[in-house]
Each structure stands twice: as structure tokens, then as C-alpha cells.
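Trainee: Could you walk me through one part of this structure up close, starting with the cysteines and then moving on to whatever surrounds them? I'd love one connected story rather than a list.

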Amino acid sequence: MKYISTRGHGPMSFTDILLEGLAPDGGLYLPQSYPQLSSDDLRSLGEILVDEGYAQFAAEILHLFIDDIPMHDLEQVCRRAYTKAKFGTDLIAPVDELEPGLWLAHLSQGPTAAFKDMAMQVLGQLFNYELTRRDQTMTILGATSGDTGSAAEFALLDASRVQVFMLSPLGRMTAFQRGQMYGIDTDRIVNVTVPGSFDDCQDLVKAVNADAEFKSRHSIGAVNSINWARLVAQVVYYISSWFQASGGEGPVSFTVPSGNFGNICAGHVARMMGTPISHLVCATNENNVLAEFFATGVYRIRTSTETFVTSSPSMDISKASNFERFFFDLTGRDADEVRRLFGEELNRSGVINIRDKVYVTDPARVYGFQTGVSTHADRVATIADVFRRDGYLIDPHTADAVKVAREHLGPEPMIALETALPVKFGSITQEAIGRVPPIPARFAQVMEAEQHTVLCDRGVDQLKQIIEQRSIFRRDPSPQAW
Ligand SMILES: *Cc1c(COP(=O)(O)O)cnc(C)c1O
């Protein structure tokens, strides 16, 4: 199995794109073709899920996409990633029926109570595995507004070959998120706080990456959502959720609370592989870039002032980074067209209009996509209603999904993805049901831990200095030392 960039680069092997992330031509990697699952394959995968559990099931799916890591090692990677100790349940990602016809896939049982753990745990294990095999080390530099940063840090806690510098906007995350991230006490994980917004943090990351010499001297890498390994780890729970809700018979649909289009893009891949999925419903909040595209054929990225700060903050995006992957398939895998539109036109005008393109044959019908939008008032009402009616407390992102899922119920099971637990979002829970969410026992210590941060308030040179001074992989800068 080889990989190609949406803009033409490649073919490459899996472990090369694993460490690389974004392709050198600015595109995103995808497999040259999607492995196909016959109904016999699906049936035997279902048996593996039931008999051997989620980790083995995940290894089987990953193995379809990864031919340069031996199966035995992939099994180890998945067993370390998906443990009961980390996820609090043997099932790892249980699925149950919330209301007649509406199911919830519980993807937020991991160490940071958000679905990003599902992929990040595998990514952390794969990084450490491959870096060990190559006898290399890596410095992860990232920016977070909350969920990604903590999921990455918890995934890389034991990765001795990786050091993490994670930038976060000073004072802008919830108390729980701060407690979780800043409470980590090891010199391999450095939390850098930046006065300003998430965009300011991201600008600093970009500025460091623009210094090619510094970047290569510290082997700086990223764990952002465009990494294919994260996406493929997410394909796994679409197939396991299909199996659990359908019993292995007949199709299901999914509603996915979407931001960067990573999660739902994994659903697209699962569908392209032959998993019986009727519809992929893309739920957005007030930041409706994606809903607008599917309704109009116009993809218009927003400026930061046009991007609303909402009560489902992990979906507050100005552009959907993973969208280019779906777009590549939509054009019939035409890398020249993608390069022209995403590499040029989008940079120039901020808009792509494909309404009149010949390759667009009703994406809703061909690829199963539907959309829906929710507002803050919808989220509050949905949290309150689900709590009253079903006796279950959901977080605001899951509320976006449930609100939209209820509008798209059909004859087949509809599975809404639960992408975070309410414990992370106290204030909207208070607004909806009149009290703050209970803190699950395994998170009881989060608010008590002593917090460790480094302030960066003087720009990119200071950030480089911080990395320089705290690096645990200091090495001779001469090329031979590599
Ligand atoms: C990241 C995130 C999302 C959005 O997922 P994408 O893959 O960016 O579409 C939704 N909900 C929660 C809780 C998240 O952390």
C-alpha cells in the first residue's frame, strides 16, 4: 500500500508519511486506493471484535493500510494504545441506543475525555515505534485551544523518543482542560502559554517552522489532524460502530459533529471501503463552512474575525483542514485540479466555487453526505432534553450531533458520535440543567495537581530560546552527528 498527496507527490510508504505529516507540495496524503471489504470480510472482522476485542480489531483494519510494519508489531501498538486502564472500559468505544433509532457511539472514554484520544493514542505509539526503529528522536511543536493538546500530551507521555512543546492561549481554556494539560509533570512535555488567542499560538508555530535550519536541527514535527495515521485510526470505530448498531446486518448512518473534517473524512473512507453506511451527516455549529459547501458548492474559508467563538469550541474553525482529502475523491482524484484550487485559488481569493464543474455529480447522492447546523440555543435545549428524556448527560459537541441527527432519522440506525464528555464544559451544562457536570472518579485528581507552564510573551525568538534551553535531545548541529 503506497500513499500519494492530493496535489500529486508520491508514491510514499506509510512510515515515511507517518513522520512527515503534510506532503512537501502542501497536499495531504491518501492511499493510492482504498482497500475493499467484502461482506465476508466484514463478517469475520465482526467476529474478531466480539472474540478478541477492540485492539485486535483495530490492528486488523490498520494492517489493510500499513504494509511496512509487521502485523505482530501493529498488534503491540494497538494493545498499548487501547487499554482498559486508559479507556475505563473493555469495549473502548461502546455503542448504545439512546432513543428509538438514535444510537450514541461513545468515543470519549479515553484519558482526556475527548474522541481525539481514539486516534492520538495510536499515533503516539506509532511515532515511538518508528523513531525507535530508525534510532531517531523528534520534537513535537503544536498549538491547541484545548482538546488536541491534552490528547497529544497524554498519548506521548511514555514516548521516550519524543519531546512535546505545546502552545496554548493563556487563560482561555476551561479549568478542567488547564488542570489536565498543565498538571503533567515531566521535562518531556513542556506547556508554553501565550497571551492572546489560539491563532496567535498557531502563528508562533508557523514562524518556528519557517526557520528551516532550526526545524531540522530539532527535528520538529507535528501531530495535527491532517496526519493520515490519525485518520486511519478513526476509520476503525466507524466499522466497529456499524457492527454494534446493525448487528452486522444492513446499513447505518452517522451524524458527526464536525470542525476540521477529520472525523467525518474517516467515515468517508470507511464508506469507500464498503462499510454499509447510507448517510454521513455533517453537523456544524454557527461556523458553518462545511454546511454551506454541501448546500451551495461554494467553499469559502473565514477570516479569524468572521469565526465565531461558540459553546462547542472544538468545532470553531475558519477552514476545514481535512476537506481537501474528500475533495480529491470528489474530482475523481485529479491532483492537478486540487493543486489549482487548493494550492492557488483558495490562497488568492479564499473561495472555491465548484457549482458548475463537470465532476460534481450530487455529492449527497454519490458520497452520502448530508448536513445540519445548530446554535447555542439548540445545544442548551438538546442537552436539557436528552437529560430529561433519556437520563443521559451529553457535552455541547455531542449536542450539536444529536440535534442534527434527530432531523435526519431514517429507516436504518442513526449513530451520533459522542466526541467529548460534559465534565470538560461546565458552564453550558450549568445553563442547560442547572448544575455543573459530575466529575468522573478517574478525573478526580485533575483539578488538584500542581500546574507547570512556561510563559512566552515576547514572540518567536523567545519561543526558539525556550525550545533550545529545554530540549532533552541536544545534539551537535553538525550534519555528521545525525
Ligand atoms: C476536534 C473535535 C471535534 C471536531 O472534529 P474534526 O475532526 O475536527 O471534524 C468535535 N468535537 C470535539 C469534542 C472535538 O474535540
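Mentor: Let's settle a term before we look: a disulfide is a pair of cysteine sulfur atoms within 2.5 Å. Keep in mind, too, that this is a predicted model. By that cut-off, the count comes to 0 disulfides. Take Cys78: the closest cysteine sulfur belongs to Cys265 and is 20 Å away, so the two are too far apart for a bond. Cys265 isn't in a disulfide either, as its nearest cysteine sulfur, in Cys282, is 11 Å away.

Now, are these cysteines buried or exposed? Anything under 20% relative accessible area is called buried. Cys78 has 0% relative accessibility, so it counts as buried, and Cys265, at 1%, counts as buried too.

Let's stay around helix H12, which covers residues 262-272. Leading into it is the loop between strand S9 (252-257) and H12, and that's where you'll find Phe261. Phe261 has a positive phi of about 70°, although it is not a glycine. With a relative accessibility of 1%, Phe261 counts as buried.

Step into H12 itself and you meet Asn263. What does Asn263 touch, once you set aside its neighbours within four places in sequence? Its contacts are Phe115, Gln234, Tyr237, Tyr238, Val256, Leu417 and Thr419. Asn263 has 5% relative accessibility, so it counts as buried.

Pick Thr419 from those contacts and look from the other side. Thr419 sits in the loop between strand S14 (414-418) and helix H19 (426-433). Its relative accessibility is 6%, so Thr419 also counts as buried. Leaving out residues up to four places away in sequence, Thr419 touches Ser108, Ala114, Phe115, Pro257, Asn263, His397 and Thr398. Notice that Phe115 is among the contacts of Asn263 and is also among those of Thr419.

Next, follow Gln234 and Tyr237, which are among the contacts of Asn263. They take us to helix H11, where both are among the residues that meet helix H6. A quick bit of background: two packed helices are described by the angle between their axes and the distance between the axes. H6 (residues 116-134) and H11 (residues 228-246) pack at an angle of about 130°, and their axes are 8 Å apart. That makes H6 and H11 oblique to each other, and their crossing is right-handed.

Who does the touching there? From H6 come Lys116, Met118, Ala119, Met120, Val122, Leu123 and Leu126, and they meet Ala229, Arg230, Ala233, Gln234 and Tyr237 of H11. Sorted by type, the residues of this contact are 9 nonpolar, 1 polar and 2 charged.

H11 has another partner, helix H3 (residues 54-65), and here the packing angle is about 125°, with the axes 9 Å apart. H3 and H11 are therefore oblique to each other, and H3 passes H11 in a right-handed crossing. On the H3 side, the residues are Tyr54, Phe57, Ala58, Ile61, Leu62 and Phe65. They meet Trp228, Val232, Ala233, Val235, Val236, Tyr237, Ile239 and Ser240 in H11. The residues of this contact divide into 13 nonpolar, 1 polar and no charged. Tyr237 is worth finding on your screen: it is among the H11 residues that meet H6, it is among those that meet H3, and it is also one of the contacts of Asn263.

Let's walk off the end of H6 now. In the loop between H6 and strand S5 (138-143) you'll come to Asp135. Asp135 has a positive phi of about 50° although it is not a glycine. Is Asp135 buried or exposed? At 61% relative accessibility, Asp135 counts as exposed, whereas Phe261, the other positive-phi residue we met, counts as buried.

One more helix for your tour: H8 (residues 175-182). Because 6 of its 8 residues are buried, H8 is largely enclosed by the rest of the structure. Those buried residues are Phe176, Gln177, Gly179, Gln180, Met181 and Tyr182. They pack against helix H7 (147-155), strand S6 (162-169) and strand S7 (189-194).

Finally, look at the loop between strand S1 (3-5) and helix H1 (14-20), where Pro11 is found. The peptide bond joining Gly10 and Pro11 is cis, with omega about 5°.

Technical notes:
Residues numbered from 1 in each chain as written. Predicted model: local features only at pLDDT ≥ 70, side-chain atom pairs only at ≥ 80, totals over all residues. Heavy atoms only, no water. Helix = DSSP H or I, 4+ residues; strand = E, 2+ residues; numbered from the N terminus. Buried < 20%, exposed > 50% of the residue type's maximum accessible area, 1.4 Å probe, protein only. Contact = heavy atoms within 4.5 Å. Axes fitted to C-alpha atoms, helices over the stretch in contact; angles between N-to-C directions. Parallel < 35°, antiparallel > 145°, perpendicular 65-115°, else oblique. Left-handed = near helix turned anticlockwise from the far one by under 90°. Nonpolar A, V, L, I, M, F, W, Y, C, P; charged D, E, K, R; others polar.
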